[in-house]
Amino acid sequence: MTAACPVTALPWQTIPEVLAVNGEAYADRCALVDGDYRLSYGELLTLAREVSAELAALGIGPGDHVAIRAPNSWRWVVAAAACWWLGAVLVPVPAQAGALEVLALLERAGAV
């Protein structure tokens, strides 16, 4: 028998909402460390908004499948956050995948 777990209401429901709340409340605090590179919550919020605007200008919108093929880095996090900001579906593509694997993945995902 599973014990009941209390549920606490959170002030957000989506990752973009979490980013917006933390980007404003903790703008100067470190959000991400990638080697010697650091991003604050405020910088992450700003970059995610900027990249999402660029994606929107390309015609990307809610429900679109967007593939990201890049090594794990702060740039990947920003790109993912930008996709989520738009309501797009993130399709992570392993950076080490070969061309045929990537093609098959993109076809299955219907990614742009």
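How many aromatic pairs does a search of the whole structure find? The search finds two, and they make a good way into this model, which is a predicted one. Let's take the pairs in turn and then follow the helices they lead to.

One pair is formed by Tyr 26 and Tyr 41, whose rings are tilted, with 6.4 Å from centre to centre and 55 degrees between the planes. This pair links distant parts of the chain: Tyr 26 sits in the loop between α1 and β1, Tyr 41 belongs to helix α2, and 15 residues separate them. How accessible are these two tyrosines? Tyr 26 has a relative accessibility of 34%, so it counts as partly exposed. Tyr 41, at 26%, also counts as partly exposed.

The other pair brings together Tyr 37 and Trp 74, and here the rings are stacked, 4.5 Å centre to centre with 20 degrees between the planes. Again distant parts of the chain are linked, since Tyr 37 lies in strand β2 and Trp 74 in helix α3, 37 residues apart. The two partners fall into separate classes of accessibility: Tyr 37 counts as partly exposed because its relative accessibility is 34%, while Trp 74, at 15%, counts as buried.

Tyr 41 has already brought us to helix α2, so let's stay with that helix. It covers residues 41-57, and at 1.5 Å a residue its 17 residues should span 24 Å; the C-alpha atoms at its ends are indeed 24 Å apart, so expectation and model agree. Which residues of α2 are buried? They are Gly 42, Leu 44, Leu 45, Ala 48, Ser 52 and Leu 55. Looking down the axis of α2, you will see these buried residues fall within an arc of 160 degrees, and therefore they line one face of the helix. On the other side of α2 you will find Glu 54 and Ala 57, both exposed. What does the buried side pack against? The partners of the buried residues of α2 are helix α1 (15-25), strands β1 (30-34) and β2 (37-40), and helix α3 (74-86). Just after α2 comes Gly 59, which takes a positive phi of about 95 degrees.

Ser 52 deserves a closer look. This serine has its place in helix α2, and at 5% relative accessibility it counts as buried. Where does its side chain reach? The side chain of Ser 52 meets the backbone oxygen of Arg 49 at 2.8 Å. Leaving aside neighbours within four places in sequence, Ser 52 is in contact with Ala 82, Trp 85 and Leu 86.

Finally, turn to helix α4, residues 99-109, where Val 102, Leu 105 and Ala 109 are buried. Viewed down the axis of α4, these buried residues fall within an arc of 65 degrees, so they line one face of the helix. The face of α4 turned away from that buried side carries Ala 99, Leu 100, Glu 107 and Arg 108, which are exposed. Where α2 packs its buried residues against helices as well as strands, the packing partners of the buried residues of α4 are strands β3 (65-69) and β4 (89-93). Just after α4, Gly 110 takes a positive phi of about 65 degrees.

Definitions and conventions. Residues are numbered from 1 along each chain as its sequence is written. This is a predicted model: local features need pLDDT of at least 70, side-chain atom pairs count only at pLDDT 80 or more; totals for chains, interfaces and linings use all residues. Side-chain values use heavy atoms; hydrogens and water are left out. Helices (H or I, at least four residues) and strands (E, at least two) are DSSP runs, numbered from the N terminus. The expected span of a helix is 1.5 Å times one less than its number of residues. Buried means under 20% relative accessible area, exposed over 50%, partly exposed in between (1.4 Å probe, protein chains only). The arc is that of the directions from the helix axis to the C-beta atoms. Contact means heavy atoms within 4.5 Å. Rings of Phe, Tyr and Trp (its six-membered ring) pair if their centres lie within 6.5 Å; planes under 30 degrees apart count as stacked, over 60 as edge-to-face and the rest as tilted. A polar contact is a pair of N or O atoms within 3.5 Å; within protein, one must be able to donate a hydrogen and the other to accept it, and residues adjacent in sequence count only if both atoms are side-chain atoms.
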